[in-house]
Amino acid sequence: MIKQAPDQYQEIRDAVRALCAQFPDEYHRQIDHERAYPEAFVDALTQAGWLAALIPAEYGGSGLGLAEASVIMEEINRSGGNSGACHGQMYNMGTLLRHGSQAQKELYLPKIASGEWRLQSMGVTEPTTGTDTTKIKTTAVKKGDRYVINGQKVWISRVQHSEWMILLARTTPLAEVSKKSEGMSIFMVDLREAEKSGMVVRPIQNMVNHETNELFFDNLEIPAENLIGQEGQGFKYILDGLNAERTLIAAECIGDGYWFLDRVTKYVSERVVFGRPIGQNQGVQFPIADAYIEVEAANLMRYKACELFDANQPCGAQANMAKYLAAKASWEAANACIQFHGGFGFAHEYDVERKFRETRLYQVAPISTNLIYSYVAEHLLGLPRSF
Ligand SMILES: Cc1cc2nc3c(=O)[nH]c(=O)nc-3n(C[C@H](O)[C@H](O)[C@H](O)COP(=O)(O)OP(=O)(O)OC[C@H]3O[C@@H](n4cnc5c(N)ncnc54)[C@H](O)[C@@H]3O)c2cc1C
C-alpha cells in the first residue's frame, strides 16, 4: 500500500479493512465472473453494522456522520470490493429519515438498520426521458386508499436484492403544474408484493457486475400510506438526498483511485524490462504521480463536502465537485494502472480490468459529468440555464 499518515478515522479504517480482508481478490473476481451478487460480503458488512452508519441510534443505527460513512465506502473499494453492490442501503433511507412520518420512520428504519429489510433500490430513471427527470411518464393516481402506478423505469439497481424500493412517479400531470419540478411524489414499494401483481422486472446485463433492471408497471396498486412526505414534493425530496449520494460515491472513487495506485506502484517497482524496473522511467512515473495528485485533491473536496453536510450547511457545490474530481481521478489512476501492467492488465487474475470497468461507471451514473458541469456553470458561475 502507498504510504499515508493515519487520520482521525483510523479506527474505522482498520475495522473495515479487517472485515474486507476476509474477502480477498479471488472472492470478488469469482463473483464478477459468475455475475453473482456478493451476498456473503454484504451480509458481513450488514452484520457488523457498517451499512447502518447514517441511521440515528434511536432507530438502531450508529448515528455516524457523512465523513465516517464515506470512509467506510472508501475502504470497501480500496480493499478491491465494490460498494456499488450495497451503497443504496446506506443512503436511500435518508429520504425516509428526512421526509417520512414518525410512523414510517419507526416502521422502516430499525428493520433497515438490522438488515432485515433492504432499501437498496431507487426508481427514478426512465427510458424515454433519461436525465430530464421532470418529464418522467410513470404516473401514480390516487384511488381511495391506494395509488395505482403505470409506466416504466430503466437501470434500476439491486431490485433482486432489496425488499423495498423508493419510486418517483407523477401524481399531477406536467401540464397542470406551475413549476415542472412539482407534481411528482415518492413512494415505498414492497418489491416482492409488487412482483405478484402489476410490476414486471427484466434484468439488464451490463459491462459491470451491477444488478440493473427494467421495470414495467401495469396498474400496480400500493397502499396510500406508502407515500413519503407530501404529495407533489417528491422531486425536491429526491434532490435533498443527492448530496449524500454524490459524496459517498466520490469516496468510493477515491478508494478505487488508491487501489489502482497501490497496485500500479507495486507492479512497476517489480517489473523489470530493459534491465531495470519500469517504474524507474519518468514516462511511467509521471502519469502515476499525476493520478496520485488528482486523487489527493479530490479527497480534500470530499472532506469539505462532508464537513458542510455534517454541519447541516448547504453543500451541493462541494458534493458535485467532489464527485466530479473523484470520478475523474479514479479513471486516470485506472488508465495508468492498466497501461503499466502491459498485457497483464487485461488478465482477469490481476483484477485491474475488473476495477477499470467498475470505476468507469461513475462518469455516467448516478449523474453524468456533463450534468455536473451544467450545475457549476449555472449555480456557481451564474451562467444561463442550458436546459
Ligand atoms: C449500472 C447503472 C446503475 C444505475 N442505477 C440506477 C438506479 O438504481 N436508479 C435510477 O433511477 N437510475 C439508475 N441508473 C441510471 C443513471 O442514473 C443514468 O444512466 C444516468 O443518470 C444518465 O441518464 P441516461 O442514461 O438516460 O442518459 P441521457 O440522459 O440519455 O444522457 C446521455 C449522455 O448525454 C449527455 N447529456 C445529456 N443531457 C445533457 C445536457 N443537457 N447537456 C450536456 N450533456 C448532456 C451526458 O453526457 C449523458 O451521459 C443506473 C445506470 C447504470 C449504468
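1. A word on the annotations before anything else: UniProt positions follow the numbering used here, feature names are shortened, and an annotation may be inferred rather than shown by experiment. With that in mind, the unreviewed UniProt entry puts "domain: Acyl-CoA oxidase/dehydrogenase middle" at residues 121-219. That stretch is 48% strand and 6% helix, with its end C-alpha atoms 20 Å apart. Keep in mind too that this is a predicted model.

2. The same kind of record covers the two flanking parts. UniProt (unreviewed entry) has "domain: Acyl-CoA dehydrogenase/oxidase N-terminal" at residues 7-116, and here the model gives 62% helix and 0% strand, with 33 Å between the end C-alpha atoms. For residues 232-365 the unreviewed entry lists "domain: Acyl-CoA dehydrogenase/oxidase C-terminal". This span comes out at 75% helix and 3% strand, and its end C-alpha atoms sit 25 Å apart.

3. On the overall build, I'd start with the count: 13 helices and ten strands. The radius of gyration is 21 Å, close to the 21 Å that the globule rule gives for 387 residues, so the protein is as compact as a globular protein of that length. If you want a box to picture it in, the C-alpha trace spans about 80 × 50 × 40 Å along its principal axes.

4. The domain assignment splits the protein into domain 1 (10-114), domain 2 (121-232) and domain 3 (236-380). Between domain 1 and domain 2, the C-alpha centres are 24 Å apart. Twelve residues from domain 1 and twelve residues from domain 2 make up the contact. On the domain 1 side, α2 (25-34) and α6 (93-99) are the elements that contribute two or more residues, and α6 has the largest share with three residues. Sorted by class, that side of domain 1 holds seven polar, three nonpolar and two charged residues.

5. Now the ligand. Which residues are closest to it? They are Val124, Gly130, Thr131, Ser157 and Ser368, out of 21 residues that surround the ligand. Two or more residues of this shell come from each of β1 (121-123), β3 (146-157) and α13 (369-380). β3 gives the most, three residues. Domain 2 and domain 3 each supply at least three residues to the shell. As for chemistry, the shell around the ligand has eleven polar and ten nonpolar residues, and no charged residues.

6. β3 deserves a second look for its backbone. Trp155 is found in this strand, and its phi is near 70°, a positive value in a residue other than glycine. For background, most residues other than glycine have a negative phi, and most peptide bonds are trans.

7. That brings me to the peptide bond between Ala365 and Pro366, which is cis, with omega about -5°. Where is Pro366 placed? Pro366 is in the loop between α12 (352-360) and α13. Ala365 is the last residue of the span that UniProt annotates as "domain: Acyl-CoA dehydrogenase/oxidase C-terminal" (232-365, unreviewed entry).

8. Last, α13 itself, one of the elements giving two or more residues to the shell around the ligand. This helix has twelve residues and runs 16 Å from its first C-alpha to its last, close to the 16 Å expected at 1.5 Å a residue. Just after α13 comes Gly382, with a positive phi of about 70°.

Conventions: Residues numbered from 1 in each chain as written. Predicted model: local features only at pLDDT ≥ 70, side-chain atom pairs only at ≥ 80, totals over all residues. Helix = DSSP H or I, 4+ residues; strand = E, 2+ residues; numbered from the N terminus. Domains from an automatic or database assignment. Contact = placed C-beta atoms within 7 Å. Nonpolar A, V, L, I, M, F, W, Y, C, P; charged D, E, K, R; others polar. Near = placed C-beta within 6 Å. Expected span 1.5 Å × (residues − 1). Rg over C-alpha atoms; globule rule 2.2 N^0.38 Å.
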